[in-house]
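Here are some short exercises to work through with the structure open beside you. Try each task before you read its solution.

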Amino acid sequence: MARNLNNYTFKNGITLRNPFVLAPMTTYSSNVDLTLSEQEEAYYRARAKSFGMIITAATAINKHAQAFENQITIRDDRYLDSMKRLASAINDEGSVSICQLHHGGRMSKPNLFKNQRIVAPSAVKAERDFAVTPEKLKISEIYDIIDDFKDATKRALEAGFDGVELHGANTYLIQQFFSPHSNRRDDEFGGSVEKRMRFIRLLVDAVLEVKDKTDRPFIVGYRFSPEEIENPGITLNDTLQLVDYLSETNLDYLHISIGHYDKASLRDKTDSTPVVTKIQSVLQNKIPLIGVGGIHSLEDVELANRLGYDLYALGMGALADPDIPNKLINEEPLKNTIDEASVLPDQLKERLKHWGDGLEKRGYKIKQK
Ligand SMILES: Cc1cc2nc3c(=O)[nH]c(=O)nc-3n(C[C@H](O)[C@H](O)[C@H](O)COP(=O)(O)O)c2cc1C
């Protein structure tokens, strides 16, 4: 195998023991007060023994950022101890810890708590059954949210994380600013691609400012979804402009969120070029790129590497088997049954049970008691 699977070093000197990354996965399992539960801690600890880097579940950056039940939060200093436990669970086992910073925007589930405000760039409902029409953010509130991301980054640093990832993917708030579906504003935050990018520029600048002021190496990554299926929606051309901008920043990595690592355009079925090839035509390896989606074998890793990914994130495979990086490296058979050895929080297991066929179609099953 051509690819070095032993380690990976970022340009700031932080070294991963292998190029496998735990994909960020929401566990729906925090304590009622939104602090890290013991089951979540065990979930991370089990995976930190083998993964080079762990990206946490989407972590809410302020009260109204919360999108799901029992979602961990980093929204104020009361949660610092909880976040310290999370960073330590990962770091103590020799993995690199990245906290995924998140705001749900119009994709937040309603009625999560009293006086919940569901906010977005514009008052346009997401095309989802559960969604409600969000409140349009005032300009001053947009700046407040950027400050909240910045404060969350400072808190992640204080808690001992090795970095943060801005969750600009999967239709949540950051993506909602970039999307012509959710962003219909006619001020400086909406309209042309350039204006829809303004929120991202300000956010990235704010978070990188925190990194620049630290006296230890700190990773800042950015996750994005290359396209949207809605009309209007984000096109690959829009994303190439975003990548062009991101590639000139001091970010430490970009992370595509895509169903399969070698997938072609969702919107243009006549174009069979893998999305990553288009991304790399602009990115030109200026910043490391994390791939994800159906990476299950060394052949996948090899192909993903040839397509231009530097690091490989594993989702479902890592839910079934905390030790999947070592199994891949040692060419041992992979585990596809979710059972006690999977060390999953109960609520996450319950959610997965409701996937039914969806789970089987992806080649996994849950052991019934
Ligand atoms: C249960 C579950 C929860 C997820 N939660 C998040 C999340 O919090 N943040 C995020 O960026 N992606 C989330 N994802 C998407 C994964 O990070 C990943 O992109 C996806 O599972 C594809 O990788 P895979 O084919 O290896 O599973 C989630 C996926 C699953 C299965």
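**Exercise 1. Find the residues with the most contacts inside the largest nonpolar core, then look around one of them.**

Solution. Keep in mind that this is a predicted model. Start with the core: the largest nonpolar one has 118 residues. Inside this core, M53, F199, Y222 and L254 have the most contacts. Now pick L254 and set aside its neighbours within four places in sequence. The contacts that remain are Y222, F224, V243, L246, L283, I287, P288, L289 and I290.

**Exercise 2. Classify the ring pair F10 and Y253, and say which parts of the chain the pair ties together.**

Solution. A pair of aromatic rings is described by the distance of the centres and the angle of the planes. Searching the whole structure gives nine aromatic pairs. For F10 and Y253 the centres are 6.4 Å apart and the planes stand at 40 degrees, so this pair is tilted. The cut-offs behind that step are under 30 degrees for stacked and over 60 for edge-to-face. Next, place the two residues: F10 is in the loop between strand 1 (8–9) and strand 2 (15–16), while Y253 is in strand 11 (residues 253–256), so the pair ties together parts 243 residues apart in sequence. Both F10 and Y253 are buried.

**Exercise 3. Do the same for F20 and Y312.**

Solution. Here the ring centres lie 6.0 Å apart with the planes at 50 degrees, so the pair is tilted. F20 belongs to strand 3 (residues 20–22) and Y312 to strand 13 (residues 311–314), which makes this a link between distant parts of the chain, 292 residues apart. F20 and Y312 are both buried.

**Exercise 4. Look for an aromatic cluster, and for charges placed over rings.**

Solution. One cluster is formed by Y143, F177, F189 and F199. Go to F189 and look over its face: R198 is there, 5.1 Å from the ring centre. Then move to Y28, where the charged end of R351 sits over the ring at 3.7 Å from the centre.

**Exercise 5. Are the serines S30 and S247 buried or exposed?**

Solution. The cut-off you need is that buried means under 20% relative accessible area. S30 has 6%, so S30 is buried. S247 has a relative accessibility of 5%, so S247 is buried too. Now add their settings. S30 is in the loop between strand 3 and helix 1 (38–48), and beyond four places in sequence S30 touches T35, S37, E40, N70, Q71 and I72. S247 is part of helix 7 (residues 236–247); with neighbours within four places in sequence left aside, S247 is in contact with L283, K286 and I287.

**Exercise 6. Name the buried residues of helix 1 and what covers them.**

Solution. The buried residues in helix 1 are E40, E41, Y43, Y44, A46, R47 and A48. Their cover includes strand 3, strand 4 (53–55), helix 2 (80–91) and helix 10 (316–320).

**Exercise 7. Which residues come nearest to the ligand, and where are polar atoms close to its oxygen atoms?**

Solution. There are 18 residues around the ligand, and T26, R223, G315, M316 and R362 come nearest. Check the polar atoms one by one. T26 places a polar side-chain atom 2.6 Å from a ligand oxygen atom. For H167, a polar side-chain atom is 3.1 Å from an oxygen atom of the ligand. M316 uses its backbone instead: a polar atom there is 2.8 Å from a ligand oxygen atom.

Note on methods
Residues numbered from 1 in each chain as written. Predicted model: local features only at pLDDT ≥ 70, side-chain atom pairs only at ≥ 80, totals over all residues. Heavy atoms only, no water. Phe/Tyr/Trp six-rings, centres within 6.5 Å; stacked < 30°, edge-to-face > 60°. Helix = DSSP H or I, 4+ residues; strand = E, 2+ residues; numbered from the N terminus. Buried < 20%, exposed > 50% of the residue type's maximum accessible area, 1.4 Å probe, protein only. Lys NZ or Arg CZ within 6 Å of the ring centre and 35° of its normal. Contact = heavy atoms within 4.5 Å. Core = buried A, V, L, I, M, F, W, Y, C linked by side-chain atoms within 4.5 Å. Near = heavy atom within 4 Å. Polar contact = N/O pair within 3.5 Å; in protein donor to acceptor, adjacent residues only side chain to side chain.
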